[in-house]
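Reader: I've got a model open and a few things to ask. Shall we walk through it?

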Amino acid sequence: MNLDIRPQADRCNDLSYEDILNLDTRPVPAYLRQGPVPDIGTDPVPAGNYTDPAFFQQEVDKLWSRCWQMACREEDIPNVGDYVVYDMVGKSYLIVRTAPDTIKALLNVCLHRGRKLATQGGCKSRFRCMFHGFEWNIDGSFKHNPMAWDFPQWEGQDMRLPEARVARWGGFVFVNFDPEAKPLDDIIHPIPEHFARYDLANMYTALHIAKTFPANWKAVAEAFMESHHSITTHPQFMAFLGDANSQYDVFSPYVSRQFSAMGVPSPFVDKSQLSESDIWAAMLRSSGRVREWEQGEGPTVPEGVRARACAAEQQRHALAAQDGEDYSDISDAEMLDPLLYNLWPNLSVWAGFSLNLVYRWRPVDVDTAIMDVRVLKRVPKNGPRPRPAPLQVLGVDEPCATVEGLGSLGGVFDQDMANLPYVQQGLKAGGRDFPVHFGKYSELRIRQLHRTLADFMAG
Ligand code: FES
Ligand SMILES: [Fe+2]
């Protein structure tokens, strides 16, 4: 197998994602076909948008106080009284299940002298401030003041905790601190329609990690918004990932997606040097199944069959064994490919059946962000809903490869993450006006992220 990199082919010089779908063994749902590709120019973005504390403060004031953001999953708070603490650049809210089908976001601030009411999630029948003992019911209504005789100014007043807006989709709980913001339903289209078949609400969190990065939140998010970084960041993918010929679609200022084909060689490599068995072997090697491959115990690619078809079929059997569902009619694309949808500004959810990852990027300060990753799995057909996996917090220097259960993905994340400190350092070294350039097509989604951000910053 020769993986020598040849001169780059653009998407016009290789199979498109559509072409690959046309060669697949089963038809795909129509929504996986080419979507809108708006022309949003080629203007660069100044590095200061990633490095300038004043720009970051404007994001805090004009973006994070006004956008829909995923706070948790419903499964994190299954019972009445369960809550999580959602912190976002200085704001803090309690996301509480106040009734079996009601979730509220309550300001996590005591209305007496401002102590945070809770510092970590749990289950409560009331929120009692640890400073002087004032109490609120879990629905935010005021319950008790042990010094009521000394607070005449509270008499006859509604001292309920202020609320943020809450919306739900796919088992996710979203909050918005802006009472004037458009409803989530208005901005999330067409994600609910495209995900109807995958029923994320009926999935559970099988793995959940969070890691802090010394980079601006946008730089971190953007490392997961195109595929062509594989050429140098993930060279092990070259034999079996259609990276440069990925499909990028932008549906609205808020929703975009990218699809990359698995089981086909990258346009960066010389395909004439790769047999279908080479491709399959590289997939096995990359997935950590080295022994199987080395010892020739892995599935072989029969004559006339493509590695992509072979891998999809194997995945159908593996998933059926895992959750008891029938995948025999599911398309190759949905069994194999990373089908990443992004909801602006900071959520990415993978469609399909193979791997349902969820990424969320939260700013800490201009130079620091937290990325958390969930692995969602379908609730077994005949089994009870498993409890969500507890959050594992990784330190800046802790590699993802050490996370049990993450498999080969851990090493892939470490490859992505190795770039990020140097991206932030380079952007700073370039200076505030250093022009950051994006590909017109392959980095279209990143360009759209900045355009919608600019709209918000303009008010
Ligand atoms: S600050 Fe909460 S009871 Fe005083
Ligand atoms: Fe990557």
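Author: Sure, one term up front: a residue is buried if 20 or more other C-beta atoms lie within 10 Å of its own, exposed if 12 or fewer, and partly exposed in between, with C-beta atoms placed from the backbone. Helices (H or I, at least four residues) and strands (E, at least two) are DSSP runs, numbered from the N terminus. This is a predicted model, where local features need pLDDT of at least 70, side-chain atom pairs count only at pLDDT 80 or more, and totals for chains, interfaces and linings use all residues. Residues are numbered from 1 along each chain as its sequence is written, while chains are lettered from A and ligands numbered from 1 in the order in which they are written.

Reader: How many residues of strand β11 are buried?

Author: Strand β11 covers residues 172–176. F172, F174 and N176 point one way, V173 and V175 the other, and all are buried. So the count, by the 10 Å rule, is five of five.

Reader: Which residue in β11 is the bridge partner of R73?

Author: Strands pair if DSSP finds at least two bridges between them. β2 (residues 69–73) runs antiparallel to β11, joined by four bridges. In β11, R73 is matched with F172.

Reader: Which residue in the turn between β10 and β11 has a positive phi?

Author: β10 (residues 163–169) pairs with β11 in the antiparallel sense over five bridges, and A167 stands opposite F174. The two strands form a hairpin with two residues between them. The positive phi, about 60°, belongs to G170.

Reader: Is M130 buried or exposed?

Author: M130 sits in the loop between β7 (126–128) and β8 (135–137). Because M130 has 11 C-beta neighbours inside 10 Å, it counts as exposed.
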